[in-house]
Amino acid sequence: MARSEDFEKKWFLIDGEGKTLGRVSTKIARILRGKEKPQFTPHADIGDFVMSRQRRQTEIHRQQARRQEILLAHGAPGRDQVHSRRGPLEEEAQRNIKKAVWGMLPKNRWQKKLITRLKIYTGNEHPHSPQKPEPLEV
């Protein structure tokens with residue numbers, strides 16, 4: 001059986017530019033969990049660190065965006081607003097991918113620990129150059 005102490009944590013760099021949110025977040029969740037390794041054991045923490053580079057919002061399919069519209073009811077007639085997950089802000093892009101990955105992680109004591117290994121940046125600059133992250137294609 002694999003043990004957490006036997007594995008060294010690697011760093012991976014995923015560029016989510018022009019990719020769909022679901023495909024990028026699925027790949028990230030699998031790497032965080034360690035499912036890409038042949039020695040995967042569900043009770044052992046053998047996952048790696050992931051850096052995601054988001055220059056702009058990742059793509060969301062039209063049907064998915066329609067399902068994820070948020071209705072903000074103000075209580076007054078005619079004041080209700082509908083907000084979609086498609087937003088131009090970089091912070092919203094980061095929030096969307098983090099929320100998608102959070103939903104794909106196991107709902108147990110590992111979830112909070114695994115999500116801390118996800119680093120999302122909006123540009124080519126990141127402080128993790130000494131770790132020499134390996135680029136991954138989605």
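Is Q111 buried or exposed in this predicted model? At 9% relative accessibility, Q111 counts as buried, because buried is the term for residues under 20% relative accessible area. The legends below take up this residue again after an overview of the chain.

**Figure 1. Overview of the predicted chain, which has four helices and six strands.**
Read from the N terminus on, the elements follow the order β-α-β-α-β-β-α-α-β-β. The chain has 138 residues, and buried residues make up 38% of them. Its accessible surface comes to about 9,000 Å², and carbon and sulfur atoms hold 50% of that area. Among the contacts with a separation of 6 or more, residues that are 24 or more positions apart account for 69%.

**Figure 2. Close-up of the largest nonpolar core, which has 18 residues.**
The residues with the most contacts inside this core are I28, L32, V50, I97, V101, L105 and L118. At least two core residues are supplied by each of β1, α1, α3 (90-104), α4 (110-115) and β5 (118-121), and the largest share, six residues, comes from α1. V101, which is one of the residues with the most contacts inside the core, touches S25, I28, A29, L32, I115 and L118 when its neighbours within four places in sequence are left aside.

**Figure 3. Close-up of S25, a residue of helix α1.**
S25 has a relative accessible area of 0% and is therefore buried. The side chain of this serine reaches the backbone oxygen of G22 at a distance of 3.2 Å. Beyond its neighbours within four places in sequence, S25 is in contact with A100, V101 and M104. The view also takes in N96, which lies in helix α3 and is likewise buried, with a relative accessible area of 7%. N96 and S25 are 71 residues apart along the chain, and their C-alpha atoms are separated by 9.7 Å.

**Figure 4. Close-up of Q111, whose place is in helix α4.**
With its neighbours within four places in sequence left aside, Q111 is in contact with W102, L105 and P106. L105 is also among the residues with the most contacts inside the largest nonpolar core. The C-alpha atoms of Q111 and L32 are separated by 9.9 Å, while the two residues stand 79 residues apart along the chain. L32, too, belongs to the group with the most contacts inside that core.

**Figure 5. Close-up of the aromatic pair formed by W11 and F49.**
The count of aromatic pairs comes to one, and this pair is stacked, with 4.5 Å from centre to centre and 5 degrees between the planes. Because W11 lies in strand β1 and F49 in strand β2, the pair ties together parts that are 38 residues apart in sequence. W11 has a relative accessibility of 12% and so counts as buried. R117 lies over the face of F49, at 5.8 Å from the ring centre.

**Figure 6. Close-up of T41, found in the loop between α1 (21-33) and β2 (49-53).**
T41 has a relative accessibility of 10% and therefore counts as buried, although its place is in a loop. Apart from its neighbours within four places in sequence, T41 is in contact with M1, A2 and I46.

**Figure 7. Close-up of K19, placed in the loop between β1 (11-15) and α1.**
K19 has a relative accessible area of 23% and is partly exposed, because this class covers values between the 20% limit for buried and the 50% limit for exposed residues. The C-alpha atoms of K19 and V138 are separated by 7.9 Å, and the two residues are 119 residues apart along the chain.

**Figure 8. Close-up of K132, in the loop between β5 and β6 (134-136).**
Most residues other than glycine have a negative phi. K132 is not a glycine, yet its phi is positive, at about 50 degrees. At 66% relative accessibility, K132 counts as exposed.

Notes:
Residues numbered from 1 in each chain as written. Predicted model: local features only at pLDDT ≥ 70, side-chain atom pairs only at ≥ 80, totals over all residues. Heavy atoms only, no water. Buried < 20%, exposed > 50% of the residue type's maximum accessible area, 1.4 Å probe, protein only. Contact = heavy atoms within 4.5 Å. Areas by Shrake-Rupley, 256 points an atom, 1.4 Å probe, with all protein chains shown as cover. Core = buried A, V, L, I, M, F, W, Y, C linked by side-chain atoms within 4.5 Å. Phe/Tyr/Trp six-rings, centres within 6.5 Å; stacked < 30°, edge-to-face > 60°. Lys NZ or Arg CZ within 6 Å of the ring centre and 35° of its normal. Polar contact = N/O pair within 3.5 Å; in protein donor to acceptor, adjacent residues only side chain to side chain.
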